[in-house]
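Work through the exercises below with the sequence and the structure open. Try each task before you read its solution.

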Amino acid sequence: MPNIERKSKARIKQSALLPPNPEPNALVDRDVWIEQASQGFITNSSANKGIYRVILETLWPKGHGIPGPVIDRDSIRRAVDKAKGKPYLDVFRRLRELQGDEGFLGVVKQGNQYQLIDLNVYAKKTPRAQLPDDKWSLVVAHYNNVCAVCGSVPDEKGFQQDHKVPRARGGTDATTNWQPLCDSCNNMKSVACRACKEDCTKCGYAYPEFYKPLKLPGSTLRLLHQYTNERKLDANVLVSDWILERINAK
């Protein structure tokens, strides 16, 4: 299954869902295509390869043609959870990797629904790098063996290896561009990075040693927003002004 020149990612992802074809394609054997696609995954993670395969099998069920059926998020999540034998948190991160890094741009999304409309596999990205154990131990020790953002200790699975500045934003695989993140902070960073255009060097998730995100109790936030709403003020500007006023007063 040769890779072909990459189409516009934006155009493919925004393609409209198509009328499903319930009849199997006489020119392409579904099981053979799934097997070939699975053999071509570039990720180094055998666990992720298994999840990618489950997603493709769900989007192209046995006995169906292409375009495949329209599948909702919950159905994809249930299929992955069943394969893993337990709830899995990063289902749709894996799906985005399948569309992006792995080149399956024929997987399109509209709202909370997905469909496989194109069997071509487009040019893949460079495989996601992992630091070897000796270098990763140095990075974790640099952050005092806790999550760089929230300070939590590692669970039984350890920390996620995170690029401070994502490779998509020009980050490198240099040791200084890595940090340990717990699953929760890694997920929040992934959401925050999506479509973000801000300078990574001033991001609390990329450089928490300088810009660590602040955590305010819900009760404090509620009072703050009540105060600013009553006075038609911007809460972000008000808090920034208050902090600078206090610091400069010293």
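The exercises cover model confidence, a buried acid, salt bridges and a surface patch.

**Exercise 1. Find out how confident this predicted model is, and where pLDDT stays under 50.**

Solution.
- Step 1: start with the whole chain. Its mean pLDDT is 89.
- Step 2: check the share of residues. Of these, 92% reach 70 or more.
- Step 3: look for the weak stretch. Over residues 8–13, pLDDT stays under 50. The model has ten contacts beyond four places in sequence for this stretch.

**Exercise 2. Decide whether aspartate 162 is buried or exposed, then find its side-chain partner.**

Solution.
- Step 1: place the residue. Aspartate 162 sits in strand E4, residues 160–163.
- Step 2: apply the cut-off. Buried means under 20% relative accessible area. Aspartate 162 has 6%, so it is buried.
- Step 3: find the polar contact. The side chain of aspartate 162 meets the side chain of lysine 189 at 2.7 Å.
- Step 4: list the surroundings. Beyond four places in sequence, the contacts of aspartate 162 include Asn177, Trp178 and Leu181.

**Exercise 3. Trace the salt bridge of lysine 62 and say which parts of the chain the pair ties together.**

Solution.
- Step 1: recall the principle. Side chains of opposite charge can pair when their charged atoms come close.
- Step 2: name the partner. Lysine 62 bridges to aspartate 31, with the closest N and O atoms 3.1 Å apart.
- Step 3: locate both ends. Lysine 62 is in the loop between helix H3 and strand E1, and aspartate 31 is in helix H2, so the pair ties together parts 31 residues apart in sequence.
- Step 4: compare accessibility. Lysine 62 is exposed at 61%. Aspartate 31 is partly exposed at 38%.

**Exercise 4. Examine the salt bridge between glutamate 102 and lysine 124.**

Solution.
- Step 1: read the distance. The closest N and O atoms are 3.1 Å apart.
- Step 2: locate the ends. Glutamate 102 lies in the loop between helix H5 and strand E2, and lysine 124 in the loop between strand E3 and helix H6. They are 22 residues apart.
- Step 3: check burial. Glutamate 102 has 1% relative accessibility, so it counts as buried.
- Step 4: set the pair in context. The structure holds eleven salt bridges.

**Exercise 5. Which residues form a nonpolar patch on the surface with Ile247?**

Solution.
- Step 1: name the members. Leu214 and Ile243 join Ile247 in the patch.
- Step 2: give the area. Together they have about 320 Å² of accessible area.
- Step 3: place one member. Isoleucine 247 belongs to helix H10, residues 235–248.

Notes:
Residues are numbered from 1 along each chain as its sequence is written. This is a predicted model: local features need pLDDT of at least 70, side-chain atom pairs count only at pLDDT 80 or more; totals for chains, interfaces and linings use all residues. Side-chain values use heavy atoms; hydrogens and water are left out. Patches are made of residues with over 30% relative accessible area and no salt bridge: like charges are joined within 9 Å, nonpolar side chains (Val, Leu, Ile, Met, Phe, Trp, Tyr) within 5 Å. Accessible areas come from the Shrake-Rupley method with a 1.4 Å probe; for residues, only the protein chains shown count as cover. A salt bridge is a side-chain nitrogen of Lys or Arg within 4 Å of a carboxyl oxygen of Asp or Glu. Helices (H or I, at least four residues) and strands (E, at least two) are DSSP runs, numbered from the N terminus. pLDDT is the predictor's confidence in each residue, from 0 to 100. Contact means heavy atoms within 4.5 Å. Buried means under 20% relative accessible area, exposed over 50%, partly exposed in between (1.4 Å probe, protein chains only). A polar contact is a pair of N or O atoms within 3.5 Å; within protein, one must be able to donate a hydrogen and the other to accept it, and residues adjacent in sequence count only if both atoms are side-chain atoms.
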